[in-house]
Amino acid sequence: MHGQRRWVLPVGLAVVALVVVANAGSSVGLGTSGDALVVTLSVAVYAAAALVFLLWFDAPVRTTVVLLLVMAVASAAARHGDPTGTGGIGLYLGVAYAPLRLPRRTAATVAAVSVVLFDVVLALEAPNAGVFITVVTGGAALFFLFGLLLRSEQEQRARADQLVVQLERSREAEKASAALAERTRISREMHDVLAHTLSALVLQLEALAVRAERAADPLAGGLARAHQLARGGLVEARRAVSTLRGGVVPGPDALAELLAQHQAATGTPCALDVRGEPVPLAPEASLAVYRTVQEALTNARKHAAGAPVRVRLDWRPDGVVVEVHDGGGRERAALHGTGGGHGLSGLAERAALLGGRLHAGPVDGGFHVHLEVPA
């Protein structure tokens, strides 16, 4: 039972008990104790059925029809046994419940059957009870109309809530569309400027490397490495453009390829140690892991050339821990913080936005980067 409906059961039971006790008190003057027992049981039946309606908000249509007809029969029996009792309460409750829980046509049919059954009991009591029958029928019609009004109000509230949800979804869709349009514009600018420039640079470096190699120039090796770096930068630029356009975001799965590229470009050994069972990460978190390792490799290439690099990926139930260590020595490790760049600080800000943290600094024998990202 939902929290907001906890009051229904105790209050409903109290009302049922009050109605039954009140009716039993009014039935004391009946001719036989058997009549009083029948009336009391009839009242208890329709009161209990009313309580079921209060508790069972999503009862099937057939069950609802059966309960309403049981209420009608019990109310008529209570009226027949005690004309001064509370039989009319059951009739009015059932007539009011019908339009709230049933389709309109079905509700009208059940209400009509209930009223006719009660009117037949009135007619059997006194042949000239036409006025009383009219009053009871009119009262039942008012209760039925009251139930229709409540149902109409509920439907209007439901439509209003649905409209609010649709408006919120529409606003979110507009925001997402605007964000996508802006990302597309940025990706187009990156492609037109950065990617084209890097493409031209790759071609130039490739041509120079070939000429230097043919001429046995000592710069051939450096030009070849520059060519590889430029090609890697072009790949990353195109990957960034694809990401902005909604493509696949690089993440932990791409670390092996990233290390292989670094080892091929620098000739330094790279080791990847993966532990634990992978857990799902948000695209931003996956990208943060990839960018952190990428930035650490770039710094190792610049400040600890030739030093081995170890990358450890530790999966945990609540996220992932990434550690990158290069063995460039203490003196070279001190150079990591003197480049004037903002790569590591930007990655620390990215990690903080994701609810994680990044720490980087020199350690004995090299430089260490530690990233924690929650799942």
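**Two nonpolar cores and a helix pair**

The largest nonpolar core of this predicted model has 29 residues, and V289, V293, V320, V322 and V324 have the most contacts inside it. Such a core is a set of buried Ala, Val, Leu, Ile, Met, Phe, Trp, Tyr and Cys residues joined through side-chain atoms within 4.5 Å, where buried means under 20% relative accessible area with a 1.4 Å probe, protein chains only. At least two residues each come from helix 8 (255-266), helix 9 (283-303), strand 2 (309-316), strand 3 (319-326), helix 11 (343-353) and strand 5 (366-374). Helix 9 gives the most, with seven residues. Helices (H or I, at least four residues) and strands (E, at least two) are DSSP runs, numbered from the N terminus. A second, separate core holds 24 residues, including M71, L102, V115 and L122.

Turning to local packing, V324 touches V293, A296, V309, R310, V311, F367, H368 and V369, leaving aside residues up to four places away in sequence; contact means heavy atoms within 4.5 Å. In helix 9, L287, A288, R291, T292, E295 and N299 meet G343, L344, L347 and R350 of helix 11. Helix 9 and helix 11 are roughly antiparallel to each other (an angle over 145 degrees).

The model is predicted, so local features need pLDDT of at least 70 and side-chain atom pairs count only at pLDDT 80 or more, while totals for chains, interfaces and linings use all residues. Residues are numbered from 1 along each chain as its sequence is written, and side-chain values use heavy atoms, with hydrogens and water left out.

Definitions and conventions. Buried means under 20% relative accessible area, exposed over 50%, partly exposed in between (1.4 Å probe, protein chains only). Angles under 35 degrees count as roughly parallel, over 145 as roughly antiparallel, 65 to 115 as roughly perpendicular and the rest as oblique.
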